[in-house]
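Here are my notes on this model, point by point. Please read them with the structure open.

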Amino acid sequence: MKFNTKVIHGGQENIDPAYGSVMPPIYQTSTYSQSTPGGHKGFEYSRSGNPTRSALERAFASIENGNYGLAFSSGLAAIDAVIKLLEPGDEVISINDLYGGSYRLFKQVFEKYGIKFHFIGMENAETVENYITPNTKLIWTETPTNPMLNIIDIEAIGKIAKAKNILFAVDNTFATPYLQQPLNLGADIVMHSATKYLGGHSDVVMGALVVNDKDLADRLYFIQNASGAVCGPQDSFLVLRGIKTLHVRMQRHCENGRAIAEFLQAHPKIEKVFWPGFETHPNHEIAKKQMNDFGGMLSFSTKGNNYEQAIKIVEKLKVFTLAESLGGVESLAGHPASMTHASIPKEEREKTGVLDSLIRLSVGIEDIDDLISDLKQALD
Ligand code: P1T
């Protein structure tokens, strides 16, 4: 199947042998009857497995071109499961520009358990090699990164990781598998905040992991069940429904994202627009190589690096909603320094460019004229 067919049918064969329903039933049950201990039809308790969640997990695997999918109660719960593969003394090389909540989980939860994190820029893939020690067990990256839209060469880092037998995980939340499929490029683990584009409608919080290796999948399934951060059947249904329109939504997100990036770039009050589609973006060529288009996320700063001015702009927006999160059909604006990335110390976040003047946009799929007029009136 090609991608646009997979989003609708991937992993969904024979979904309801009982009545042939086209969508999987929502199995709103915590447990399953057994004829004798162990005598069940494949499911015994919904933390361990639920048929609606299984349908979604097969869809996750299908769209990322992987063998095994796992669904969690949030994106952070999915990341939590990955880090629980490690042991005290292990080291992780992580991208330094990443979602504030991921940074907080690494620094404030897992460092307590003796796992060491190195936060570094990976725009030049070879930089990673300088931080590898015999204890390095995981390389963690986002691409495009949140919120600076840096592009990391997945294939190049995949080769470095493979040569040293280090696990390589890519948070594919911003790109989605419509734009790039990290497992095809050498990643071992793909992670999603499915809350975002996969769900697509800002009505559910969920996380996903997809892997190819059976042993790795078994270890993650063990953690998923042992730690228990699973999602419910109703939410599984919503994300399955969201995935069915991922390709058409992404197409429009990309079109609108491009038009807004170009509008902002030409605006006299704007200092800089961060969007991988510009030829002047430092890793534009890598973005072109590994992505099918450039997505609907962008960030920009206004001239003068003025906190009050940035706040005034986001308050004035009317079609764009000022809110955390991204990837829904509606356009959202955020102020990373005080919202999504407030858990990263100011000194650390400013090193990666998350200044007080930075505004992040999740460009939705509304009419482009309304979106541009809205930005224009707010900037004026
Ligand atoms: O919010 P949750 O579903 O737990 O996912 C966390 C997460 C992980 N990775 C990336 C790249 C993310 O953007 C997120 C969540 N991000 C936001 C809420 C935000 O507004 O950036």
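1. Which residue stands opposite R360 in strand 12? S299 does. The model is a predicted one. S299 belongs to the partner strand: strand 9, residues 297–302, pairs with strand 12 in the antiparallel sense, over 5 bridges.

2. Strand 12 has a second partner. Strand 11, residues 332–334, also pairs with strand 12 in the antiparallel sense, here over 3 bridges. R360 appears again in this pairing: its bridge partner is G334. R360 is thus a useful place to start when tracing the strands, with S299 opposite and G334 as a bridge partner.

3. Is strand 12 mostly covered or mostly open? Mostly covered: of its 5 residues, 358–362, 5 are buried. The side chains split by direction. L358, R360 and S362 point one way. I359 and L361 point the other way. Residues of both sets are buried.

4. Next, the charged pairs. The structure holds 15 salt bridges. One of them joins K288 and E285, with the closest N and O atoms 3.7 Å apart. Why can these two meet? They sit 3 residues apart in helix 10 (residues 284–290), so about one helical turn separates them. K288 is partly exposed, at 46% relative accessible area. E285 counts as exposed, at 53%.

5. Helix 12 offers another pair. E348 and K351 form a salt bridge, and their closest N and O atoms are 3.0 Å apart. Both lie in helix 12 (residues 346–351), 3 residues apart, which is about one turn of the helix. E348 counts as partly exposed, with 30% relative accessibility. K351 is exposed, with 60%.

6. Is the D356 and R349 salt bridge made by buried or exposed residues? Both count as buried: D356 has 18% relative accessibility, and R349 has 9%. Their side chains meet at 3.6 Å, N to O. The cut-off matters here, because buried means under 20% relative accessible area. D356, at 18%, falls on the buried side of that line. The pair is also part of a network of salt bridges that links K346, R349, E350 and D356.

7. Now helix 2, residues 51–63. Its 13 residues reach 19 Å from the first C-alpha to the last. That is close to the 18 Å expected at 1.5 Å a residue. How many of its residues are buried? The count is 12 of the 13, so helix 2 is largely enclosed by the rest of the structure. Charged side chains are on the buried list too: R53 and E57 are among them. So are P51, L56 and F60.

8. Both ends of helix 2 deserve a look. At its start, a side-chain oxygen of N50 reaches to within 2.9 Å of the backbone nitrogen of T52. T52 itself is buried. After the helix comes N65, with a positive phi near 55°.

9. On open space, the largest pocket has a volume of about 410 Å³. Its lining counts 25 residues. Which of them lie nearest its centre? They are Y99, S193, T195, K196 and S325. Helix 3 (75–83) and strand 6 (189–193) each supply at least two residues of the lining. Helix 3 gives the largest share, 3 residues.

10. On enclosed space, the count comes to 1 cavity of 30 Å³ or more. About 40 Å³ of space lies in the largest cavity. Its lining consists of F72, A77, D80, A81, K84, I223, Q224, S227, G228 and A229. Helix 3 and helix 7 (214–227) are the elements that give two or more residues to this lining. Helix 3 therefore deserves a check in both places, as a contributor to the lining of the largest pocket and to that of the largest cavity.

How values were computed: Residues numbered from 1 in each chain as written. Predicted model: local features only at pLDDT ≥ 70, side-chain atom pairs only at ≥ 80, totals over all residues. Heavy atoms only, no water. Buried < 20%, exposed > 50% of the residue type's maximum accessible area, 1.4 Å probe, protein only. Helix = DSSP H or I, 4+ residues; strand = E, 2+ residues; numbered from the N terminus. Pairing = 2+ DSSP bridges. Salt bridge = Lys/Arg side-chain N within 4 Å of Asp/Glu carboxyl O. Expected span 1.5 Å × (residues − 1). Polar contact = N/O pair within 3.5 Å; in protein donor to acceptor, adjacent residues only side chain to side chain. 1 Å grid on protein atoms, 1.4 Å probe; cavity = no way out; pocket = protein on both sides within 12 Å on 5 of 7 lines; lining within 4 Å. Points joined across faces, edges and corners; volume = space filled by probe spheres on them.
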